[in-house]
Amino acid sequence: MSTIHKSPWLLHYDGSSCNGCDIEVLACTTPVYDVERFGVINTGNPMHADIFLITGGINSQNADVVKQIYEQMPQPKVVIAVGTCACTGGIFKECYNIKGGADTVIPVDIYVPGCAARPESIIDGVVKGVALFKEKAAALKASEKAN
Amino acid sequence: MTIQTRVIFAICYLILCPFIIGLLDGFDRKISARMQGRRGPSVLQPFFDLKKLFEKEFLTANKSQLFMIRSYLCFIVLSGILFFAGFDLLLVVFSLSTAAMFLILASTSTHSPYSAQGTHRELVQIMSCEPMELLVAVGFYLAAETFNISEIIAGTASPYIMYLPGFFVGFVFILTIKFRKSPFDIATSHHAHQEVIKGVTSEMVGKEYAMVTLAEWYENGILLGIVGLFFLTNNILSVIGAVAAILVVWFLEILIDNTSARVKWQLMLKLAWGVTIVAAGMNLFLLEIIKG
């Protein structure tokens, strides 16, 4: 039986967020919400991460950083865009330096809307991300066997 | 100790150690979570983490890193076999130091600034712990007049803690560092948002990181074994006391971890050496006077 979904490690990156969503992401790890009960660890290292949680829109400066972090994460991996800015660019969308949501540079799997996204909806997004992580792991295993 | 018993003890260590230490690690996370008012993950979480790491894609910046990590694991396991099969305590300490050298080589084989910073911390860590580890071996030699672990246990009717309380205090103190509990900015740490990221293990991906974790479990088994050695005598029932002492020390480490969350490495270095010199030094001095 695969238990890979029981150990999803998160990497949180703040794009050009106003910090509203970041505070809510950190709130998920506090005793009230305790996301660690799902086996989640908030890691600082992309090489150990399974789920990439991104907050804030993408601007010209952080586009390369986001791409590099994504490339450093080993397969299988899931990307979750948290908050309206990470989903679409939000109220900053029309700014001259903003490219838009996280999906303008990397493929995003799960969108969590909200300004700021509530901890409940972030946890909901993470749980959906974990289910997808399991699917991706199974697909990766199948493709490895085929090769 | 016959050769058969030595082989049985070595095999038991090889098979049981990861399960016992992994489970203790799981309970550790559960108890830590409870202390912080959280529910915490399942007690089997360390095994889920390990299994996942083995299943992840393997990326590496330098192929020699995998070889170094395999050597690290092998030397730790070798030290454990030497310890639990009742061979030379001094050899165990030296073998552990050799293993640590392979971890350093593995982390410096990449050019990541985080690995470099982590290696620096790891070296400071070794510098603070190594004197005490060596002194423990010396302490047992002075009390038992042999380095041979099976003879150390067989040659006494009263536990060594009575002769070596200072060594015990010093050893329990450095265990906090060896278990990578406190200080928080130590070479490897699971706390995000700190300047060393994951230190020595920053560039270790998937199975490499899994092997390092496994090696740490085997090493923790040896360290807890040394704690037990302070309480073992030639009476077989002393095993119960040794296991109880191990569990008490293990709980104490969790308590220290949760109550000294912001200790930094500078303080670690000063305190570790201070405790080593005062506790172990005094004990050594008194032991010499009594013997002399």
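Two strands count as paired if DSSP finds at least two bridges between them. Keep that in hand for the exercises below, and remember that this is a predicted model.

**Exercise 1.** Work out how strand 5 and strand 7 of chain A are joined, and place them in their sheet.

*Solution.* Start with the bridges: three of them join strand 5 (residues 78-82) of chain A to strand 7 of chain A. The cut-off is at least two bridges, so the two strands pair. They run parallel. For a spot to look at, take A:I80, which stands opposite A:I110 in strand 7 of chain A.

Now zoom out. The sheet in chain A is open, has five strands in the order 2-1-3-5-7, and its pairing is parallel. Strand 2 and strand 7 (110-112) of chain A are the edge strands, each pairing on one side only. Going from one strand to the next, the twist averages 25°.

**Exercise 2.** Find which strands of chain A helix 4 lies across.

*Solution.* Pick out helix 4 of chain A, residues 119-146. This helix lies across strand 3 (51-55), strand 5 and strand 7 of chain A. Relative to strand 5 of chain A, helix 4 runs at about 165°.

**Exercise 3.** Describe the side of chain A that touches chain B.

*Solution.* Count both sides to begin with: chain A gives 19 residues to the contact and chain B gives 27. On the chain A side, the largest share is three residues, from strand 2 (residues 41-43) of chain A. Sorted by class, that side of chain A has six nonpolar, nine polar and four charged residues.

**Exercise 4.** Characterise the packing of helix 7 against helix 10 in chain B.

*Solution.* First, the geometry. The axes of helix 7 (residues 165-178) and helix 10 (residues 265-291) of chain B come within 7 Å and cross at roughly 165°. Angles over 145 degrees count as roughly antiparallel, so helix 7 of chain B is roughly antiparallel to helix 10 of chain B. The crossing of these two helices is left-handed.

Next, the residues. Helix 7 of chain B contributes, among others, B:F167, B:F173 and B:I177, while those from helix 10 of chain B include B:M268, B:V275 and B:N283. The contact residues split into twelve nonpolar, four polar and no charged.

Last, the record. UniProt (unreviewed entry) places "transmembrane region" features in chain B, including residues 160-177 and 271-290. In the model, residues 160-177 of chain B are 72% helix, with end C-alpha atoms 23 Å apart. Residues 271-290 of chain B are 100% helix, with end C-alpha atoms 28 Å apart.

Notes
Residues numbered from 1 in each chain as written. Chains lettered and ligands numbered in written order. Predicted model: local features only at pLDDT ≥ 70, side-chain atom pairs only at ≥ 80, totals over all residues. Contact = placed C-beta atoms within 7 Å. Helix = DSSP H or I, 4+ residues; strand = E, 2+ residues; numbered from the N terminus. Nonpolar A, V, L, I, M, F, W, Y, C, P; charged D, E, K, R; others polar. Axes fitted to C-alpha atoms, helices over the stretch in contact; angles between N-to-C directions. Parallel < 35°, antiparallel > 145°, perpendicular 65-115°, else oblique. Left-handed = near helix turned anticlockwise from the far one by under 90°. UniProt positions renumbered as here; feature names shortened; annotations may be inferred.
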